[in-house]
There are 2 protein chains.
Amino acid sequence: MENLSSKQEQVLKFLVDFNAEHGFPPTIRELCHYFGFKSLNTAHFHLRSLEKKGYIQVHPGKGRGITLPGARPLSERQIPVVGRIAAGMPILALENIEDFLGIDKGFFGAETTFAVQVRGDSMKDAHIQDGDYVIIKIQDQAEKGDIVAALIDDEVTLKYFYRTKNQIRLESANPKYPPLIFRKGDPRSFRILGIMIGLVRKR
Amino acid sequence: MENLSSKQEQVLKFLVDFNAEHGFPPTIRELCHYFGFKSLNTAHFHLRSLEKKGYIQVHPGKGRGITLPGARPLSERQIPVVGRIAAGMPILALENIEDFLGIDKGFFGAETTFAVQVRGDSMKDAHIQDGDYVIIKIQDQAEKGDIVAALIDDEVTLKYFYRTKNQIRLESANPKYPPLIFRKGDPRSFRILGIMIGLVRKR
DNA sequence: TGACAAATAGAACATTTGTTCTATACCATG
DNA sequence: CATGGTATAGAACAAATGTTCTATTTGTCA
């Protein structure tokens, strides 16, 4: 992105601050007033410069029609909670999404993430409780020892991942549950959805 | 807060969505258009109702002058991470705040919250790991069995809380650590900061 | 020095946007 | 049945806001 002059930076900062405080952007006149400009055109000019450099979006003719970066639809900002995944569906198909967590994507350090709510105590030795939301970074590869979300038939499971030459082993973090072993030709469909990068617990 | 009629809820949702998508609130006419209202007054009326019930703020005379609930400066929206607490300081004094978690206050169901990052394994049987952020709702009372954040001298500690007639007992969730007992006249200063209502783990 | 971008001023004008007043209809509740 | 909250329509008007055009100043860079 092109660099900003110091004045332009000040203007951008004002826009961001104003927006954070009021919930809507300032008018051109408010901008003028804040900086003591005596001409509307001065403010207008700065807005156009900022737009040309890609820092903001100006919507001609609309009052307070300024879009600042970071303004995206809620559904693109929050982490979706995925329930049962219909066979063949992409993970993030709307049909699979039960809810959203009020947490910015990116908070956990990855943009393509989803969450699953854990049921049962099969991961208790990894300090994952019944009801916890586990944050999964979407990727189809995993390293040994990763906690992965895997899709077995149309069920999402959370397990430790291990692989040897000719088999994949999924282990629970609870000795009560036996490991799941997949060899070539296993009739169950199997797919890695992603690896665990975080956890959220309410209560 | 007063309850909303279903129509009012729809309007509020539209306001929130519109704002998230564009970065500024809609005009009354845009509201009309979206819902197919044929009179400006219909939209105007809904805005006033929502304001009366405390869900939004309308700024008379200002174009797109609607402030939605989540519109506050970042520092007022995010959960502060508190480190060491200087003696006598209020918990949320700036001096005590190390960082912010990119999570809306209120996500965990309480407005006055803070987070502490857990060190050590003293709460491991409660499925709380070294490095986890524990979300604390600020209050100076606790019930037996609550996990509380307590200030002992100027150190923040996380423990199970129990009290009997004449003593307070703080237990770890790890048999390795002995309980802490407070009786009247204990030379250490003691204060409950709040109770645990959530947890966030990265990695 | 000439060219050019950044910054600013002033003013007229066109649009967009909010306000207010008057009415009507429906529904629940006492 | 009267009352009050919710929901809606229509219209005239007032205020807020964006647009555009013309100029001037200043500093940088070739």
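Student: What makes strand E11 (residues 190-202) of chain A and E11(B) a pair?

Tutor: Five bridges join the two strands, which run antiparallel, and because two strands pair if DSSP finds at least two bridges between them, the term applies here. A strand is itself a DSSP run of at least two E residues, numbered from the N terminus, and one of the bridges links Gly198(A) to Lys202(B). The model is predicted, so local features need pLDDT of at least 70 and side-chain atom pairs pLDDT 80 or more, while totals for chains, interfaces and linings use all residues. Residues are numbered from 1 along each chain as its sequence is written, chains are lettered from A and ligands numbered from 1 in the order written, and side-chain values use heavy atoms, without hydrogens and water.

Student: How do you know how the two copies are related?

Tutor: With C-alpha atoms of residues at pLDDT of at least 70 in both copies superposed by least squares, chain B falls on chain A after a rotation of 179° with 1.5 Å of shift along its axis (RMSD 2.9 Å). The copies are therefore related as by a two-fold rotation axis. The same surface serves both, as 95% of the contact residues of chain B (heavy atoms within 4.5 Å) recur in chain A.

Student: Why is about 3000 Å² called buried area?

Tutor: The term means accessible area (1.4 Å probe) lost when two parts are put together, summed over both, so the 3000 Å² or so belongs to chain B and chain A jointly, 56% of it on carbon and sulfur atoms. Phe107(B), His127(B) and Arg201(B) supply 22% of what chain B buries against chain A, more than any other three residues.

Technical notes:
Helices (H or I, at least four residues) and strands (E, at least two) are DSSP runs, numbered from the N terminus.
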